[in-house]
Amino acid sequence: MSTGAIIAIVIAAVVVIALVMVITKRQQERRLDQRRGERDQLRDESRIHGARAERERATADQQAAAARRQAAEAKERAVRAGQEQTAADEHEARAREIDPDQDGHAEDQEVARPEDRA
């Protein structure tokens with residue numbers, strides 16, 4: 001083999017190696033770009049899910065607050081109803097005490113309250 005042929009083989013080998021390196025580098029860049037794209041997509045989806053979760057949490061908090069408010073109002077109404085019933089019972093008892101037409105048999109003539117009939 002002549003020196004020219006050896007130089008041509010060496011140059012061809014260097015060119016092939018350089019081409020392989022360039023192709024490998026491009027493939028690696030393409031894979032990195034693809035992974036970056038996937039990363040960005042996953043981060044976007046994560047932000048969307050996070051925003052939805054925050055919105056659901058806020059809605060749940062609002063509903064819980066409304067339920068607590070309604071429970072407090074119901075307790076307040078129950079207390080007022082108890083107070084009104086006590087006042088009604090006191091007035092009824094006082095009316096029985098001062099009734100001039102009562103003949104002394106108060107236990108026989110006691111007025112039945114609506115809740116006693118149920």
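**Why these labels?**

Q: Why does Asp40 count as partly exposed?
A: In this predicted model, Asp40 has 36% relative accessibility. Buried would need a value under 20% and exposed one over 50%, so Asp40 lands in between and is partly exposed.

Q: What makes Arg39 and Asp40 a salt bridge?
A: Their side chains meet at 3.1 Å, N to O. The cut-off is within 4 Å for an Arg nitrogen and an Asp carboxyl oxygen, so the pair qualifies. As for Arg39, its relative accessible area is 37%; that sits between 20% and 50%, so Arg39 is partly exposed.

Q: How do you know that Arg47 and Asp44 form a salt bridge, N to O?
A: Again the N to O value is 3.1 Å, and the limit is 4 Å, so this Arg and Asp pass. Both residues lie in helix α1 (residues 3–98), three residues apart, or about one turn of the helix.

Q: Why is Arg47 called exposed, while Asp44 is called partly exposed?
A: Arg47 has a relative accessible area of 56%, which is over the 50% cut-off, so the label is exposed. Asp44 comes in at 41%, over 20% but not over 50%, so the label is partly exposed.

Q: What makes Arg96 and Glu92 a salt bridge?
A: The closest N and O atoms are 3.7 Å apart. That is within 4 Å, so the pair counts. Arg96 and Glu92 are both in helix α1, four residues apart, about one turn of the helix.

Q: Are Arg96 and Glu92 buried or exposed?
A: Neither label fits. Arg96 has a relative accessible area of 27% and Glu92 has 30%. Buried needs under 20% and exposed over 50%, so Arg96 and Glu92 are partly exposed.

Q: How many salt bridges does a search of the whole structure find?
A: Seven, among them Arg39 with Asp40, Arg47 with Asp44 and Arg96 with Glu92.

Q: Why is Met1 called exposed?
A: Met1 shows 80% relative accessibility; the cut-off is over 50%, so Met1 is exposed. Met1 lies in the segment before α1.

Q: What makes the nonpolar surface patch?
A: Met1, Ile6, Ile9, Val10 and Val14 make the patch, at about 530 Å². Patch members need over 30% relative accessible area, and Met1 has 80%, so Met1 clears that bar.

Q: How many of the chain's residues are buried, as a percentage?
A: Buried residues make up 0% of the 118 residues. The chain's secondary structure comes to two helices and zero strands. About 10600 Å² is exposed, with carbon and sulfur atoms supplying 55% of it.

Notes: Residues numbered from 1 in each chain as written. Predicted model: local features only at pLDDT ≥ 70, side-chain atom pairs only at ≥ 80, totals over all residues. Heavy atoms only, no water. Buried < 20%, exposed > 50% of the residue type's maximum accessible area, 1.4 Å probe, protein only. Areas by Shrake-Rupley, 256 points an atom, 1.4 Å probe, with all protein chains shown as cover. Patch = residues over 30% accessible without salt bridge, like charges linked within 9 Å, V, L, I, M, F, W, Y side chains within 5 Å.
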